[in-house]
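Student: I should like a close look at the nonpolar interior of this protein. Please describe how it is put together, and then how the charged and aromatic side chains are placed in the rest of the chain.

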Amino acid sequence: MVRIKIKIISESPKETQKIASFFMQAILKQYSSKQNGLVISLEGPLGGGKTEFLKGIAKFLKLKEKLFSPTFLIMKSFPCKTRFFKTLWHLDCYRIEKPKEIKELDFSEIIKNPQNLIFIEWGNKIKKILPKNHLKIKFKITGEHTRILEFHLP
């Protein structure tokens, strides 16, 4: 199995959003509808750029609703219109202590739907229940506004 790892440096929140836009463009060009939804785990420290990245995704997808981190809600869905995806799911597992807490929110049903695009902040907290073929993006703080985004693609 070939695995790909790509590192990109972002020097501002605006640049992180632009990187997200390029990422989403690539996904939409390369993606072929599978049996399950597309799961992307976002991992890194507080202030690492995960939510900023998602704002770039939302901007690219032209979501009508403003995207913010659903730390207290845990999960939020947004209608989106792409060739493959009809719903963007944004999960924030920061407050999750055990993966079963997410399972109780019908997570397995959400990831089964091929029309779902699922971004999970703090996805490393529930890695035991993530599908094996999920994508992972690690965020690393290297300066006041500088981040390294490391893309792990199956």
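Tutor: The largest nonpolar core of this predicted model has 29 residues, and F23, F53, F85 and F119 are the members that touch the most others. The elements that each contribute two or more residues to this core are α1 (13-30), β2 (38-43), α2 (50-60), β5 (116-121), β6 (135-141) and β7 (147-153). Of these, α1 gives the most, with six residues. A second core lies apart from the largest one; it has 17 residues, among them V39, I111, I120 and I126. As general background, nonpolar side chains in soluble globular proteins tend to be buried together.

F85 merits particular attention. If its neighbours within four places in sequence are left aside, F85 is in contact with M24, I27, L28, Y31 and L38, and also with C80, P114, Q115, N116 and L117. Its sequence neighbour F84 is buried, as is F85 itself. The ring centres of F84 and F85 lie 6.3 Å apart with the planes at 65°, so this pair is edge-to-face.

The aromatic residues of the core can be followed further. F23 and F53 belong to one aromatic cluster together with F139 and F151. In total, the protein has six aromatic pairs. One of them joins Y94 and W122, whose ring centres are 5.0 Å apart and whose planes meet at 55°, so the pair is tilted. Y94 is in the loop between β4 (87-92) and α3 (100-103), whereas W122 is in the loop between β5 and β6; the pair therefore ties together parts 28 residues apart in sequence. The two partners differ in accessibility class: Y94 has a relative accessible area of 33% and is partly exposed, while W122, at 13% relative accessibility, counts as buried. The ring of Y94 has a charged partner as well, since the charged end of K125 sits over it, 5.8 Å from the ring centre.

Turning to the charged side chains, the count of salt bridges comes to three. In general terms, side chains of opposite charge can pair when their charged atoms come close.

One bridge joins the side chains of K7 and E150, at 3.5 Å from N to O. K7 lies in strand β1 (residues 4-10) and E150 in strand β7, so this contact ties together parts that are 143 residues apart in sequence. β7 is also among the elements that give two or more residues to the largest core. The two ends of the bridge fall in opposite classes: K7, at 55% relative accessibility, counts as exposed, whereas E150, at 14%, counts as buried.

Another bridge is formed by the side chains of K76 and E65, with an N to O distance of 2.7 Å. This pair also links distant parts of the chain, with K76 in strand β3 (residues 75-79) and E65 in the loop between α2 and β3, 11 residues apart. E65 is partly exposed, at 39% relative accessibility. K76 has a further role in the packing description, as its charged end sits over the ring of F78, 5.3 Å from the ring centre.

The remaining bridge is that of E109 and K112, at 3.5 Å from N to O. Both residues lie in helix α4 (residues 107-112), three residues apart, or about one turn of the helix. Both partners are partly exposed: E109 has a relative accessible area of 48%, and K112 has one of 46%.

These details can be set within the whole protein. The chain has four helices and seven strands, which follow the pattern β-α-β-α-β-β-α-α-β-β-β along the sequence. Among contacts with a separation of 6 or more, 66% are between residues 24 or more positions apart. Buried residues make up 46% of the 154 residues. The C-alpha trace spans about 40 × 40 × 35 Å along its principal axes. For 154 residues a compact globule would have a radius of gyration near 15 Å, and the value of 14 Å for this protein agrees with that expectation.

Key
Residues numbered from 1 in each chain as written. Predicted model: local features only at pLDDT ≥ 70, side-chain atom pairs only at ≥ 80, totals over all residues. Heavy atoms only, no water. Core = buried A, V, L, I, M, F, W, Y, C linked by side-chain atoms within 4.5 Å. Buried < 20%, exposed > 50% of the residue type's maximum accessible area, 1.4 Å probe, protein only. Contact = heavy atoms within 4.5 Å. Salt bridge = Lys/Arg side-chain N within 4 Å of Asp/Glu carboxyl O. Phe/Tyr/Trp six-rings, centres within 6.5 Å; stacked < 30°, edge-to-face > 60°. Lys NZ or Arg CZ within 6 Å of the ring centre and 35° of its normal. Rg over C-alpha atoms; globule rule 2.2 N^0.38 Å.
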